[in-house]
Amino acid sequence: MLHPDITSNPERRDAKARLEEAVALAAALPGLEIVGSDVVGLRAPQPGTLFGSGKLEELKARIKAEDVGLVLVDGPVTPVQQRNLEKEWGVKLLDRTGLILEIFADRAATREGVLQVELAALSYQRTRLVRAWTHLERQRGGLGFVGGPGETQIEADRRAIDDAIIRIRRQLEKVVKTRALHRASRAKVPFPVVALVGYTNAGKSTLFNRLTGADVLAKDMLFATLDPTMRGVTLTTGQKVILSDTVGFISDLPHQLVAAFRATLEEVLSADLVLHVRDISHGETEEQAEDVEAILHELGVADETPRLEVWNKIDLVPDTARESLEVLAARREDVMTLSAWTGEGMDHLVERVTEALDGARSDATLELGFAEGRRHAWLHEQRVVTGERQTETGWELEVRWTPTQERRYRDL
């Protein structure tokens, strides 16, 4: 695993932390044995080979000495650089985008998840497959970049890729129609949706399990959750909610995946409350939080959607720093500290979630005509009607609802 640290980039982050994250990414892919990792300082990337000639020879010697078959570069690598490096070093090479695509391909469980990964992978390969990948073997199922020698040589051109993209998009259209029916049925459920979001490995699935008593895969592994998981749950305060656990976000998430997985994150788009779960013990927790907010903005999550920040893994923070964090959190209404692993602070979280959902509700008076029976029935299904009077032309209703319920009502 190599992390190019371009010293001329004024926005670069701590290279060691980025390398650790990249190694964790690689560890999340089954079948890989990581034999080494290093930060490679670069004044500027070389157009043809990324690295300078001296570093190129040095790395080649290390790769040969350790009998490496796959090199992972934590950063963007152009098709030309990839082809030249593979030829120079005699190995297969993946950049950050390729690695994340491999992980998503391995984790996708639902029909839509599999199709979305294939679509993103084809978009990524479109500029690479003709020149950079024709000499490689397809090693296994899925995307086929990693694994032992295998099946058939990749032989495809742009037209073949375009045909595949069209075919997958048609299949996705059918899946989306099915999801729309499911979404319509969920809209009738009179409970608010609480969505868990956060940087990958922040502890969302552990928190989900703690709140619901479920057994969602929760590992110390990046992208342990891919397809969203939803479950109805009654909180200890009596509040009934639908809790949604989503894929973890990550810095430099391939733009193909941001677009491709918009549909799988629709529970976040329609949530009544968003819980932003942060690993507060991580050295770059602030930068991770910024990445999450940037992706939420790109996905189109409404700014008016209520949010709470959950500073998780407080049990891993040293006592002196922990005291300062707890004081800081106490001063903010939208922040709380807890440990989903030990259960510490969970009661406070449940109380805050209930308060936030109640606080997000507003009162309104609606006048409906008899021809608007669908809207009238929907309001009662949502249990937001607090008073009703029949008029000569229809109904006058007093409602108490969340901003999300109001938006859904307007769209009916």
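Guide: Two strands pair if DSSP finds at least two bridges between them. The model shown here is predicted. Start with strand β12 (residues 385-390), where Gln-390 stands opposite Trp-395 in β13.

Visitor: What makes β12 and β13 a pair?

Guide: DSSP gives 5 bridges between β12 and β13, in the antiparallel sense. The cut-off is at least two, so β12 and β13 count as paired. A hairpin of 3 residues connects β12 to β13.

Visitor: How do you know that β11 pairs with β13 too?

Guide: The same test applies. Strand β11 (residues 362-369) and strand β13 (residues 394-401) share 8 bridges, again antiparallel. With at least two needed, they pair, therefore, by the definition. Across this pair, Leu-368 is opposite Trp-395 in β13, and Asp-363 is opposite Arg-400 in β13.

Visitor: Why are β11 and β12 called edge strands?

Guide: The 3 strands make an open, antiparallel sheet in the order β11-β13-β12. β11 and β12 each have a single partner strand, so one side of each has no neighbour in the sheet. Ignoring direction, neighbouring strands here are turned by 15 degrees against each other on average.

Visitor: Which helices lie against this sheet, and at what angles to β13?

Guide: Helix α14 (residues 373-381) lies across β11, β12 and β13 at about 35 degrees to β13. Helix α15 (residues 403-411) touches β11 and β13, and its direction makes about 150 degrees with that of β13.

Visitor: What is the strand order of the sheet that includes β5?

Guide: That open sheet has 6 strands, ordered β6-β7-β5-β8-β9-β10, with mixed pairing. Its edge strands are β6 (229-234) and β10 (335-337), each paired on one side only. From one strand to the next, the twist averages 25 degrees.

Visitor: What makes β9 and β10 a pair, and in which sense?

Guide: Strand β9 (residues 307-312) has 3 bridges to β10, in the parallel sense. At least two are required, so β9 and β10 are paired. In this pair Val-310 is opposite Met-336 in β10. Helix α8 (residues 204-212) packs on the sheet, touching β5 (193-198), β6, β7 (240-245), β8 (273-279) and β9, and its direction makes about 155 degrees with that of β7. Helix α11 (residues 285-299) lies across β5, β8 and β9, at about 150 degrees to β8.

Visitor: How do you know whether Thr-337 is buried or exposed?

Guide: Thr-337 lies in strand β10. Its relative accessible area is 17%. Buried means under 20%, so Thr-337 is buried. Beyond its neighbours within four places in sequence, Thr-337 is in contact with Trp-311, Ile-314, Leu-325, Glu-326, Ala-329 and Gly-345.

Visitor: How much of the chain is buried by that test?

Guide: Of the 412 residues in the chain, 48% are buried. The chain has 15 helices and 13 strands.

Visitor: Why is α4 called roughly antiparallel to α5?

Guide: The axes of helix α4 (residues 96-107) and helix α5 (residues 111-125) come within 10 Å and cross at roughly 160 degrees. Angles over 145 count as roughly antiparallel, so α4 and α5 are given that label. The crossing of α4 with α5 is left-handed. On the α4 side the contact is made by Thr-97, Gly-98, Leu-101, Phe-104 and Ala-105, and on the α5 side by Val-117, Ala-120, Ala-121 and Tyr-124.

Visitor: What makes residues of this contact nonpolar, polar or charged?

Guide: The count is 7 nonpolar, 2 polar and no charged. Gly is classed as polar, so Gly-98 falls in that group.

Visitor: Which residues of α1 and α4 meet, and how do they divide by class?

Guide: The axes of helix α1 (residues 15-27) and α4 come within 10 Å and cross at roughly 35 degrees. This crossing is left-handed. Arg-18, Glu-21, Ala-22, Leu-25 and Ala-26 in α1 meet Arg-96, Leu-99, Ile-100 and Ile-103 in α4. By class there are 6 nonpolar, no polar and 3 charged residues. Arg and Glu count as charged, so Arg-18, Glu-21 and Arg-96 belong to the charged group.

Technical notes
Residues are numbered from 1 along each chain as its sequence is written. This is a predicted model: local features need pLDDT of at least 70, side-chain atom pairs count only at pLDDT 80 or more; totals for chains, interfaces and linings use all residues. Side-chain values use heavy atoms; hydrogens and water are left out. Helices (H or I, at least four residues) and strands (E, at least two) are DSSP runs, numbered from the N terminus. Axes are lines fitted to C-alpha atoms, for helices over the stretch in contact, and angles run from 0 to 180 degrees between N-to-C directions. Contact means heavy atoms within 4.5 Å. Buried means under 20% relative accessible area, exposed over 50%, partly exposed in between (1.4 Å probe, protein chains only). Angles under 35 degrees count as roughly parallel, over 145 as roughly antiparallel, 65 to 115 as roughly perpendicular and the rest as oblique. A crossing is left-handed if the near helix is turned anticlockwise from the far one by less than a right angle, and right-handed if clockwise.
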